[in-house]
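Student: I am new to this structure and would like to walk through it with you. Could you show it to me so that we can begin?

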Amino acid sequence: MKRLLTIFCTLCLLLTMAAPVLAEEIPEQTDNRCGEDMTWAYADGVLTITGSGAMDDFEEEAPWAAYRNEITRLVLSGSISYIGARAFTNFDALTTVNFGNSLYEIGQEAFKSCDGLTVIYLPATFKIFGESSFMSCPNLTAIHCSGRFPSFRLNSMWDTYGTIYYPAENPWSENNIRDLEAAFKGRIRFLASDGTDPYGSEAETTPVTEAPTEAPTEVPTEAPTEAPTEPPTEAPTEAPTVAPTEAPTEAPTEAPTAQPTAPLPQPEKGSGSRIGFVIIGAVLLFIVIGFIFVRAASGRGKYSRRRRRR
């Protein structure tokens with residue numbers, strides 16, 4: 001009996017010691033994650049996304065959709081290279097976007113029907129406008145690109161009318177620009193960043209009145225690899241690969257200033273695992289107690305038979 005009690009006490013002690021260790025091994029679950037290494041926070045009209053790599057794609061709504069009518073400014077902090085599909089669809093209150101200095105691609109319908117957008121500045125690393133990424137943005141009149149010629153996926157700017165500015169120091173290929181002008185059927189205009197049209201019949205001399213206020217400082221190291229194809233309707237599905245040999249020499253250096261100030265609450269870590277260990281301990285306890293009773297009953301039976309024989 002003493003031996004059984006010793007074994008039982010040892011098992012209980014081991015379970016008690018192992019529970020906290022195993023609980024710490026369970027990865028902490030958060031509800032403000034939007035990528036493998038990316039989190040978001042909202043405060044005072046500013047949505048700040050911090051991290052690196054690619055943002056998740058969203059089938060319907062992004063996790064910050066509850067603030068759709070309150071978010072006026074978006075800040076990408078860190079080295080975010082991809083904005084997920086449908087991340088900001090129908091965010092009409094959004095007026096300002098700081099894309100950081102590592103953005104490579106904007107996903108499908110990421111900024112579709114954003115009525116508040118008027119001017120955006122894309123970093124030198126940017127290369128792909130995703131399908132319908134800026135579709136139906138009626139007030140988006142200026143897109144400033146500081147890098148090489150990007151790819152325009154199908155309907156990336158359907159029902160959007162404005163001007164795309166490319167670096168005056170390293171202008172895009174005339175053939176690429178003419179192909180896009182034909183594909184957009186004149187809805188989108190292409191000018192150099194100084195406001196001139198070097199490929200027009202009469203170059204314009206009126207400078208751009210609005211200078212970029214938020215732009216990256218990095219320059220691309222590789223030229224786009226996707227080949228141009230013109231779709232039958234509005235925009236080419238792939239961009240031409242011709243690109244300038246030198247990177248822009250001037251770029252605004254203002255860095256994102258807004259930082260997350262109100263992270264969402266975190267769930268209590270390890271609570272589920274502790275409950276599981278309690279259940280396991282209880283099951284083991286019942287097994288040991290049952291074994292003790294069976295052993296004790298068996299012992300009494302043997303003792304009774306021996307007395308009768310005597």
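Student: Which strands do the buried residues of H2 pack against?
Tutor: This is a predicted model, so we are reading its coordinates as a prediction. Within H2, the buried residues are Asn176, Ile177, Leu180 and Ala183. Their packing partners are strand S10 (151–152), S11 and S12.

Student: Within what arc do the buried residues of H2 fall, seen down the axis?
Tutor: An α-helix has 3.6 residues a turn, so residues three or four places apart point the same way. In H2 the buried residues are Asn176, Ile177, Leu180 and Ala183. They line one face of the helix, because they fall within an arc of 125°.

Student: Which element gives the largest share of the largest nonpolar core?
Tutor: The core has 48 residues, and Ile49, Trp64, Ile83 and Phe111 touch the most other members. Elements giving two or more residues to this core include strand S3 (46–54), strand S4 (73–83) and helix H2 (174–183). The largest share is four residues, and the element they come from is S4.

Student: Which residues of a second, separate core can you name?
Tutor: This other core is made of five residues. Among them are Val119, Ala142, Tyr165 and Leu191.

Student: What does Ile49 touch, leaving out residues up to four places away in sequence?
Tutor: Ile49 is one of the residues that touch the most other members of the largest nonpolar core. Its contacts include Cys34, Met38, Thr39, Leu74, Val75 and Ser77. Also among them are Trp40, Trp64, Ile80 and Phe88.

Student: Which ring does the charged end of Arg187 sit over?
Tutor: To count, the CZ of Arg has to be within 6 Å of the ring centre. The charged end of Arg187 is 5.5 Å from the centre of its ring partner, Tyr161.

Student: How many of the contacts between residues at least 6 apart in sequence join residues at least 24 apart?
Tutor: The protein chain holds three helices and twelve strands. Of its 310 residues, 42% count as buried. For contacts between residues at least 6 apart in sequence, the share joining residues at least 24 apart is 53%.

Student: How many contacts beyond four places in sequence does the model have for residues 303–310?
Tutor: The mean pLDDT of the protein chain is 75, with 60% of its residues reaching 70 or more. Over residues 21–29 pLDDT stays under 50, and the model has eight such contacts there. Over residues 303–310 pLDDT also stays under 50, and the number of contacts is zero.

Note on methods: Residues are numbered from 1 along each chain as its sequence is written. This is a predicted model: local features need pLDDT of at least 70, side-chain atom pairs count only at pLDDT 80 or more; totals for chains, interfaces and linings use all residues. Side-chain values use heavy atoms; hydrogens and water are left out. A charge sits over a ring if NZ of Lys or CZ of Arg is within 6 Å of the ring centre and within 35 degrees of the ring normal. A nonpolar core is a set of buried Ala, Val, Leu, Ile, Met, Phe, Trp, Tyr and Cys residues joined through side-chain atoms within 4.5 Å. Buried means under 20% relative accessible area, exposed over 50%, partly exposed in between (1.4 Å probe, protein chains only). Contact means heavy atoms within 4.5 Å. pLDDT is the predictor's confidence in each residue, from 0 to 100. The arc is that of the directions from the helix axis to the C-beta atoms.
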